[in-house]
Amino acid sequence: MSSVNSTIQRLVLSRTPESTCGTDLAKAPWAFDAGAPAYGPGASRFDEAPAATPRQGEIPAEYREASDEELFARILAAKETLGERVVVLGHFYQRDEVVRFADFVGDSFQLANAALTRREAEYIVFCGVHFMAETADVLSRDGQAVILPNLAAGCSMADMADESSVEECWEQLEELYGTEPDAEGRVPVIPVTYMNCSAALKAFVGRHGGIVCTSSNAATVLEWAFQRGQRVLFFPDQHLGRNTAKAMGIPLEQMPMWTPRKALGGNTAETLETARVILWHGFCSVHKRFTVAQIDKARAEHPGVRVIVHPECPMPVVDAADAAGSTDFIQKAIAAATEPSTFAIGTEINMVNRLAAQYPQHTIFCLDPVICPCSTMYRIHPGYLAWVLEELVAGRVVNRITVDEGVAADARTALERMLAARP
Ligand code: SF4
């Protein structure tokens with residue numbers, strides 16, 4: 001199967017650059033590591049990376065100049081030498097040239113849990129993005145080191161909610177609502193964060209009686225929150241929050257948007273008084289590319305097509321689809337199809353291509369006709385993987401991601417509440 005990277009190379013060479021959202025994608029990611037903090041080519045290319053975004057130093061030329069075949073051989077040899085001492089995790093959205101070396105492939109929480117089954121491993125090499133490596137560190141045992149092969153692999157959505165703007169929002173909400181519970185013992189507001197955020201924000205919700213959710217359990221988590229609070233502050237993904245709350249019957253007018261750094265988030269006090277879910281102004285640049293027009297086109301060209309999208313997509317797209325669910329849901333829906341079927345999928349292209357190869361009896365394609373992968377998953381390349389693994393073989397731990405123990409303890413509280421929440 002050709003990878004996204006190879007596909008883009010081919011498209012550029014065949015002079016159809018409009019088929020991708022950036023011909024820069026054909027370059028290796030280290031071409032962008034030396035510049036100012038930026039997400040690089042791909043879906044987040046127009047999002048502004050915070051000035052404090054971690055930078056990746058230059059790796060030795062031998063890794064940047066090696067052929068794919070040489071890198072693959074070196075990665076395999078290093079993994080063999082390290083044996084049980086290392087576990088390599090690969091996110092669904094990661095390029096195939098990296099995923100092929102993963103011991104586990106999954107979404108961020110599945111991978112953090114997979115690492116828990118390898119307690120003997122000294123090193124967890126996380127081929128995903130920064131917040132995922134942080135979560136793995138929070139859940140890891142003492143003495144395990146979590147390594148992110150490229151420090152510039154962040155997440156534009158996670159960066160849309162930083163600790164200071166959430167603290168500022170919280171202060172304003174406390175001033176507006178007070179802190180006293182109502183007659184049923186429900187506090188004025190419960191903070192809920194999507195897994196796609198920094199460890200500092202998971203700790204924030206842990207400290208303030210809140211909880212973490214994933215795209216698989218967001219409805220269960222919101223139910224949990226409404227048992228304890230009159231309303232919810234949901235960050236950073238407005239779309240997951242809106243799609244989930246709407247499916248629970250909450251009217252849109254009771255879901256105001258909070259725009260950070262604005263007084264009352266750009267709302268009136270009256271609007272916030274009647275709010276049930278306050279949505280943070282964050283989004284995933286990959287999933288916001290999907291449109292209702294793409295769904296209409298897929299239905300016109302493929303009668304009988306089943307359209308399945310991720311709940312990070314905008315509400316009209318989720319409403320127009322046949323089904324919406326997490327990466328795990330999408331994968332299971334395809335696996336469950338017993339007859340050859342056609343699926344149009346609204347999620348990241350690497351995963352869609354992999355599903356298409358895995359289930360050749362079906363026709364599976366990405367709703368977005370323009371190849372535009374996640375900019376930050378793209379930053380992991382076999383050259384970086386070879387480098388971190390060979391450094392480990394040499395006894396050096398590079399690119400370690402650590403979460404301060406005080407922060408980790410509060411973040412664990414929020415994650416444990418999520419694990420204990422029941423539908
Ligand atoms: S797909 Fe979206 S939410 Fe996931 S890592 Fe990329 S930018 Fe972040």
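**Notebook: binding-site residues and helix packing**

I began with Y194, which sits in strand 5, residues 190–194. A reminder to myself before going further: this is a predicted model.

**Entry 1: Y194 and its list**

I wanted to know whether Y194 is buried or exposed. Y194 has 28 other C-beta atoms within 10 Å, so I noted it as buried. Leaving out residues up to four places away in sequence, I found Y194 touching C213, P236, D237 and L240. I then checked the UniProt record, an unreviewed entry, and found Y194 listed there under "binding site". That list also holds H91, S108, M195, N196, S215, H310, P311, E312 and T327.

**Entry 2: P311, from that list**

I looked up P311 next, and found it in the loop between strand 10 (306–309) and helix 15 (315–320). P311 is buried because 26 other C-beta atoms lie within 10 Å, against a threshold of 20 or more. Setting aside neighbours within four places in sequence, I wrote down its contacts as S215, H239, L240, N243, T244, V318, A324 and G325. S215 is itself on the UniProt "binding site" list, and L240 also turned up among the contacts of Y194.

**Entry 3: three cysteines**

A further "binding site" annotation from the unreviewed UniProt entry covers C155, C284 and C374. Why do I say that they gather at one spot? They span 220 residues in sequence, yet no two of their C-alpha atoms are more than 9.1 Å apart, so they do come together in one place.

I took C155 on its own and placed it in the loop between strand 4 (145–147) and helix 8 (156–159). C155 has 25 C-beta neighbours inside 10 Å and therefore counts as buried. Beyond four places in sequence, C155 touches V129, H130, F131, N196 and T376. I was pleased to see N196 there, as UniProt names N196 in the "binding site" list that includes Y194.

C374 I found in the loop between strand 13 (363–366) and helix 18 (382–393). With 31 C-beta neighbours inside 10 Å, C374 counts as buried too. Its contacts, without neighbours within four places in sequence, are G42, A43, Y93, V286 and E348.

**Entry 4: around the ligand**

Which residues come nearest to the ligand? Of the 14 around it, I noted C155, M157, C284, V286 and C374 as the nearest. The annotated cysteines C155, C284 and C374 are thus among those names. By class, I recorded the shell as 8 nonpolar, 5 polar and 1 charged.

**Entry 5: helices 6 and 7**

S108, from the UniProt list, took me to helix 6, residues 108–116. The axes of helix 6 and helix 7 (residues 130–139) come within 9 Å and cross at roughly 35°. The crossing is right-handed. Helix 6 brings S108, L111, A112, A115 and L116 to the contact, and helix 7 brings M132, T135, A136 and L139. I sorted these into 7 nonpolar and 2 polar residues, with none charged.

How many of the 10 residues of helix 7 are buried? I got 9, so I wrote it down as mostly covered. The buried ones are H130, F131, M132, A133, E134, T135, A136, D137 and V138. Two of these, H130 and F131, are contacts of C155.

**Entry 6: helices 4 and 18**

I then compared notes on helix 4 (residues 68–82), which packs against helix 18 at an angle of about 35°, with the axes 9 Å apart. This crossing is left-handed. From helix 4 I listed D68, L71, F72, R74, I75, A78, K79, T81 and L82, and from helix 18 P382, G383, L385, A386, L389, E390, L392 and V393. The contact divides into 11 nonpolar, 2 polar and 4 charged residues.

**Entry 7: two long-range pairs**

R45 lies in the loop between helix 2 (30–33) and helix 3 (61–65). It counts as partly exposed because it has 17 C-beta neighbours inside 10 Å. R45 and S375 are 330 residues apart in sequence but 6.9 Å apart in space, C-alpha to C-alpha. S375 is among the contacts of R45, along with G22, Y39 and G40.

My other pair was C169 and K262, 93 residues apart in sequence and 8.9 Å apart C-alpha to C-alpha. C169 is in helix 9, residues 163–177, and is buried, with 23 other C-beta atoms within 10 Å. Not counting residues up to four places away, C169 touches W258, P260 and G265.

Notes
Residues are numbered from 1 along each chain as its sequence is written. This is a predicted model: local features need pLDDT of at least 70, side-chain atom pairs count only at pLDDT 80 or more; totals for chains, interfaces and linings use all residues. UniProt positions are given in the numbering used here, feature names are shortened, and annotations may be inferred rather than shown by experiment. Helices (H or I, at least four residues) and strands (E, at least two) are DSSP runs, numbered from the N terminus. A residue is buried if 20 or more other C-beta atoms lie within 10 Å of its own, exposed if 12 or fewer, and partly exposed in between; C-beta atoms are placed from the backbone. Two residues are in contact if their C-beta atoms, placed from the backbone, lie within 7 Å. Axes are lines fitted to C-alpha atoms, for helices over the stretch in contact, and angles run from 0 to 180 degrees between N-to-C directions. A crossing is left-handed if the near helix is turned anticlockwise from the far one by less than a right angle, and right-handed if clockwise. Ala, Val, Leu, Ile, Met, Phe, Trp, Tyr, Cys and Pro count as nonpolar, Asp, Glu, Lys and Arg as charged, and the others, Gly among them, as polar. A residue is near a molecule or strand if its C-beta atom, placed from the backbone, lies within 6 Å of it.
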